[in-house]
Each structure stands twice: as structure tokens, then as C-alpha cells.
Amino acid sequence: MAKKAKFQRPAGMYDILPGDQQYFQKVYSVCENIANFYGFKKIDTPILEDTNLYSKGTGLTTDIVQKQMYTLRTKGGDYLTLRPEFTPGIVRAYIGHGMKNLPQPVKLYSIGPVFRHEKAQAGRYRQFHQFNLEVIGDGSPVIDAQIIQVFYNILFELKLKNLIIGINNIGDNQCRPYYKKLLLSYFRGRVESLCVDCRRRLKESPLRILDCKEEKCQRIISQAPQIIDHLCNECHRHFKSVLEFLDEIELPYHLNPYLVRGLDYYTKTVFEIFLESPKKTEDKEQFARNALVGGGRYDSLVKLLGGEDEKASGGALGIERVISVMKAKEIKFPKSAGAPVFLAQLGTMAKRKSLRLLEDFRKAKIQVAESFGKDSLKAQLTMADRIGAKYTLLLGQKEALEGSIIIRDMKTGRQETVKLEKVIKEIKKHLKK
Ligand code: AMP
């Protein structure tokens, strides 16, 4: 029985074991290739940022700021927070590096871990990875459509089919205050029937009640006034235009008047991408709860964080969520080829020579696997078989003394002895066949 480890990993945080790395690499490479094609440039920002950046940017009334931040006090007395999302850090970098002076819009992507102290459950972790896109310096609806298109194409390229985009427009500083008032008076009249969380939301951020999944709140929400009926002309025009672009590129969407998303800074377009209802009910629940991608427009954030009045839009894809769907759907992709050559050795002198030979192969850019810790030839040949090596090099005491080495063809079992200094040339010839 495996010994119980003395130290456990922190709750909600996971080791990404070697067997899972191929999934991460695949998702990273598809994300980066597609983002590059659409003209996005990579940016890395620190994992820790000034806590105030999130209180101000993400917003004081959000769950993230109220409950989910990992905040620490440095030895110098500053408060820093492990990034719970990318956008505020990227906007800070945009302002700080004067990216306003670059040709606009500035299109940026990032990949990395984010941290949220959430209730750990299926599909909801405390450390997870996001692929994030931002387009700063452009307010046109086509930008929103293009961001959705990039995420959609990434998921499609990863062989995730049956995707559906949920989309809404939550207004801007012109029309939202009035809609908020309408909502407030509607919910105030029904406060007794709301859940505890929604009663709190009523004071701080009534829009977020629309997002509540509690059954008793759902009944009230379904009769609430809808933002679409109260958008100003500008938001209405913007929304219509985004939908027309999505129609043009034939992306499947559905209008979701209750989609508000949990962040304070969104204006106009908000969207999420889900898998469309799977057949099995338990999958349905899990997938329906868990969006793969979420994002939206944030036209006031750059100014709020000290920049000029720049409009912007963005979104983030949850990498673990995407991988869990890839696994559940048994999506396979070609495995990268293992080492074509295995180096087996017998005896101390052969081991010494093998160490040097391995270096020569590395310089010749030929991948060679070995198991120097094993002394039995049988164990080494089993290993060579397991990794699927085409050739095994056998270096025993006799060969080491003579300055030769045996090349064994693993398929036919044929063996030939060659001079040690010629072995790289010979292997190159064999591999070319
Ligand atoms: P958000 O930043 O909340 O808009 O989330 C964007 C995407 O990140 C979501 O659609 C999910 O795919 C993923 N995500 C958000 N929160 C978590 C979490 N706690 N664990 C795993 N993935 C998450």
C-alpha cells in the first residue's frame, strides 16, 4: 500500500503530472497558433499585483474581490494579490508602458495560472490556467465578434464540437443606471422570496441577481424586466451589429438575457461559450454549469485604472475545463514520437563510455534514451521495447575494451558491430532508411 504522504497539496490545487502535460501542450500550442494568426502578441505580467488593482478594477462588489483573493503582506508592508484574473494586470501594463502610442488597437494574449479561493468542486479549482485575450483601443462591435471567433476556432481546432455561444448586452453608463433602478424596484417588492445571497446583491449589485441559480430566485428572475428592452440607441446598435457579424461567420449563438457575468467592469457585450446539452443528464449538469470561455467588453476600465478613455474587449478560456472535456470525449491527437534509439550498457567501463557517447548523440541532435541505473541487459531491452526504440546500441565490457558497439535492429533482431567513433554516422544512415 502506498505510504500516506506527510504533506498534501493545497485544497483545490493540482499537480500536472507528466502524463497530462501533452494535453496542456496541445491546448497551449493551438491557442498560441490561432492567436498569432489573428495578430495577437504575447504578454506576460507578474503573478502578483497590487491588491488595489483588483479592488478597483475587478470591483469591490464582485465575489472575486469579496471572497476569493489570495492576498499577502510583503516584508515592506505592501499588499499584493495572486492574480485572480488577467485583465486588470494587462490594462495596468498597457497604461504603464504607454501602449497608447502604438498603432491601435493593441491585441494581446497571455497564458498562465490564476488563483481564486473558491469552494473546490468538479471543474472549479483554486489554481487553474487561463488563455486570455485582450483588444485595447477599439470600441467597434466587430472586435467583440472577432474575440468570440478566435475562442470558438480554438475549441473547434481542439475537436470540441457542439459549441454554443451565450450572448447578451448589459448596457453602458448611459442606459444601465436606469435599468438598475427598474430592477431594484422590481426585486425590492419581492425581497422576502429571494435567497440570502441575492438579498445582499440587491444592495450592492442588483444586476447580479439575474445570474442566481437558486430555484426560488429563478422564478422571480423569469418575470423581471429585461435589459434588452431598455438599452440606449448606441448599445442597441452595437448589440445588433455584433450579432450580424456572428451570423456572417456562421457561429451558433443564443441570446441569454440573464447572462450578466460576475465582474463590475463589463459594458455592452458579454458572452460565454459552452458545450451544447450533452445527452447524459449528469454530464448535462456539469457542462451546463461550467462555461469553457467567458468574456466581454469593458469600455470604462482603462480610464478607471488611470489611463485615457480607451475602449476595450476581451475574454478568457479555462484550460483545465477544456482538457476535462477533451478527456471525457476521449479526444485523441497524435503522440509525439519517442526516442528512436536506446543505449544499453553492461559493466563499469561501458557505463563510463556510454555517458560520453550520450553527449555526442545530443550534439548530433539524435534523441537517445537510456537507463543507466539498470545493470541487467534484459531489463534494459524491455525498456527499449516499451519506448518503441527502432535501434538499441549495446555496449558491453568487450566492446568497451575494443572500442566498438553493437547496433541491434529491434524489429528484425539483426545485430552488427561497428566502431564506436562511427556509430553516430551509422545510426544517421539507418534512421534515414
Ligand atoms: P472568468 O474569468 O470567471 O470569466 O472565467 C473564464 C473561464 O475560466 C471560465 O469560462 C472557465 O473556463 C475558467 N474558470 C473560471 N473559474 C474557474 C475555476 N475556479 N476553476 C477552473 N476554471 C475556471
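Which hand does the crossing of H13 and H16 have? In this predicted model, the crossing of H13 and H16 turns out to be right-handed. Helix H13 covers residues 348–363 and helix H16 covers residues 423–432, and their axes come within 11 Å while crossing at roughly 50 degrees. That angle makes H13 oblique to H16, since the oblique class takes in whatever is left once angles under 35 degrees, over 145 and from 65 to 115 have been assigned elsewhere. On the H13 side the contact is made by Leu-357, Asp-360 and Phe-361; on the H16 side, Val-423, Ile-424 and Ile-427 do the job. Sorted by class, the residues where H13 meets H16 come out as five nonpolar, no polar and one charged.

Helix H5 (residues 141–157) turns up in two of the packings described here, with H1 as one partner and H9 as another. Take H9 to begin with. Helix H9 spans residues 233–248, and the axes of H5 and H9 come within 8 Å, with a crossing of roughly 40 degrees. That makes H5 oblique to H9, and H5 passes H9 in a right-handed crossing. From H5, the residues involved are Pro-141, Val-142, Asp-144, Ala-145 and Ile-148. They meet His-238, Ser-241, Val-242, Phe-245 and Leu-246 in H9. The tally for this contact of H5 with H9 is seven nonpolar, two polar and one charged.

Now for H1. Helix H1 (residues 18–37) packs against H5 at an angle of about 140 degrees, and the axes sit 10 Å apart. That makes H1 oblique to H5, because only angles over 145 degrees would count as roughly antiparallel. The crossing of H1 and H5 is right-handed too. H1 brings Val-30, Cys-31 and Ile-34 to the contact, while H5 brings Val-150, Asn-153, Ile-154 and Glu-157. Of the residues in this contact of H1 with H5, five are nonpolar, one is polar and one is charged.

H1 also has a part in the second largest pocket, where H1, strand S6 (127–136) and helix H12 (319–328) each supply at least two lining residues. The volume of this pocket is about 320 Å³. What lines the second largest pocket? The list runs through Tyr-14, Asp-15, Ile-16, Asp-20, Phe-24, Tyr-125, Gln-127, His-129, Glu-320, Ile-323, Ser-324 and Lys-327. H12 gives the most to this lining, with four residues. Class by class, the pocket lining has five nonpolar, three polar and four charged residues.

As for enclosed space, there are two cavities of 30 Å³ or more. The second largest cavity holds about 40 Å³. Its lining is made up of Thr-61, Asp-63, Arg-200, Arg-201, Glu-204, Ser-205 and Arg-208. Helix H7 (residues 196–204) is the top contributor to that lining, with three residues. How do the residues lining the second largest cavity divide by class? There are no nonpolar residues in the lining, two polar ones and five charged ones.

A couple of backbone oddities round things off. Most residues other than glycine have a negative phi, and most peptide bonds are trans. The peptide bond from Gln-104 to Pro-105, however, is cis, with omega near 0 degrees. Pro-105 sits in the loop between helix H4 (87–96) and strand S5 (106–115). Then there is Lys-268, which is not a glycine yet has a positive phi of about 55 degrees. Lys-268 lies in strand S9, residues 267–275.

Notes:
Residues are numbered from 1 along each chain as its sequence is written. This is a predicted model: local features need pLDDT of at least 70, side-chain atom pairs count only at pLDDT 80 or more; totals for chains, interfaces and linings use all residues. Side-chain values use heavy atoms; hydrogens and water are left out. Axes are lines fitted to C-alpha atoms, for helices over the stretch in contact, and angles run from 0 to 180 degrees between N-to-C directions. A crossing is left-handed if the near helix is turned anticlockwise from the far one by less than a right angle, and right-handed if clockwise. Contact means heavy atoms within 4.5 Å. Ala, Val, Leu, Ile, Met, Phe, Trp, Tyr, Cys and Pro count as nonpolar, Asp, Glu, Lys and Arg as charged, and the others, Gly among them, as polar. On a 1 Å grid over the protein atoms alone, a cavity is a set of points where a 1.4 Å probe fits but cannot get out, and a pocket is an open set with protein on both sides within 12 Å along at least five of seven lines; lining residues have an atom within 4 Å of a point. Grid points are joined across faces, edges and corners, and a volume is the space filled by probe spheres set on the points.
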